[in-house]
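Colleague: Before planning any bench work, I should like to go through this model with you. May I put my questions one at a time?

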Amino acid sequence: MPKLPALDPDTIEHRIGSGYPAEFAASTAERAKRVLTGALGLTQFGVNITELPPGAASALKHWHSHEDEFIYVLSGEAVLVTDDDEQVLGAGMCAGFAGGVEKGHYFVNRSQEPATILEVGSRDDRDEGNYPDDDLHCQPGRYQNPQFTRKDGTPV
């Protein structure tokens with residue numbers, strides 16, 4: 001068993017589901033996320049291993065106001081859904097999304113086998129989550145205290 005600063009990701013407990021308000025949480029209810037950087041005490045960027053069982057999504061379709069996001073498929077296959085199209089990514093493939101680019105994206109596992117992805121983000125405290133297909137907005141400061149509102153600013 002390694003000791004910090006080394007870490008075996010299998011020793012980190014999964015967070016099942018998402019922090020979305022209940023009415024938006026169904027598609028991500030079964031995703032299992034291990035927050036690697038949190039376990040290592042790192043705060044300037046985020047790295048997660050996310051397992052998607054068949055039918056599960058990584059997130060709602062979203063884009064970030066300030067945060068860059070990088071995804072690497074570790075195993076299985078995941079469908080990358082964007083505003084423009086869909087494409088299947090298999091193990092060893094990756095995708096990236098620049099902060100401030102208003103192009104929604106998410107991953108969904110449409111196969112019969114589990115898929116595992118590595119997520120890397122820049123954890124910018126100014127970042128706002130924007131959800132083009134849902135009446136949902138995430139205010140800045142989501143790493144300290146996530147606050148979701150409707151697009152008109154009213155609380156969810």
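**Sheets, pocket and backbone**

Colleague: How many bridges join strand 6 to strand 9?
Modeller: Strand 6 (residues 77-82) and strand 9 run antiparallel. Strands are DSSP runs of E with at least two residues, helices are runs of H or I with at least four, and both are numbered from the N terminus. Two strands pair if DSSP finds at least two bridges between them; for strands 6 and 9 the number of bridges is four.

Colleague: What pLDDT is needed for side-chain atom pairs to count?
Modeller: Residues are numbered from 1 along each chain as its sequence is written, and side-chain values use heavy atoms, with hydrogens and water left out. The model is predicted, so totals for chains, interfaces and linings use all residues, whereas local features need pLDDT of at least 70 and side-chain atom pairs need pLDDT 80 or more.

Colleague: Why do strand 7 and strand 9 each have one side without a neighbour in the sheet?
Modeller: The open sheet of three antiparallel strands follows the order 7-6-9. Strand 7 (86-90) and strand 9 (105-108) are at its edges, so each has a single partner strand.

Colleague: What is the average twist from one strand to the next in that sheet, and which residue of strand 9 does Val79 face?
Modeller: Axes are lines fitted to C-alpha atoms, for helices over the stretch in contact, and angles between N-to-C directions run from 0 to 180 degrees. By that convention the twist averages 30 degrees. Opposite Val79, in strand 9, stands Val108.

Colleague: Which residue of strand 13 stands opposite Cys138?
Modeller: A further open sheet has four antiparallel strands in the order 4-11-12-13. Strand 4 (63-64) and strand 13 (148-149) are its edges, each with a single partner strand. Strand 12 (residues 136-138) is joined to strand 13 by two bridges, and the residue facing Cys138 is Phe148.

Colleague: What is the volume of the largest pocket?
Modeller: The search uses a 1 Å grid over the protein atoms alone; a pocket is an open set of points, where a 1.4 Å probe fits, with protein on both sides within 12 Å along at least five of seven lines, and lining residues have an atom within 4 Å of a point. Grid points are joined across faces, edges and corners, and the volume is the space filled by probe spheres set on them. For the largest pocket this comes to about 830 Å³.

Colleague: Which strand gives the most residues to the lining of the largest pocket?
Modeller: The lining has 33 residues, and Arg15, Arg31, Lys33, Arg142 and Tyr143 lie nearest the centre. Elements giving two or more residues include strand 1 (15-16), strand 5 (69-75) and strand 10 (115-121). The largest share, four residues, comes from strand 10.

Colleague: Where does Arg123, with its positive phi, lie?
Modeller: Most residues other than glycine have a negative phi. Arg123 is not a glycine, yet its phi is about 50 degrees. Its relative accessible area of 21% makes Arg123 partly exposed (buried is under 20%, exposed over 50%, partly exposed in between; 1.4 Å probe, protein chains only). Its place is the loop between strand 10 and strand 11.

Colleague: What is the omega of the cis peptide bond between Leu4 and Pro5?
Modeller: Pro5 belongs to the segment before strand 1. The bond joining Leu4 to Pro5 is cis, with an omega of about 15 degrees.

Colleague: What percentage of the residues of the chain count as buried?
Modeller: The chain has one helix and 13 strands. Its C-alpha trace spans about 50 × 35 × 30 Å along the principal axes. Of its 156 residues, the buried portion is 43%.
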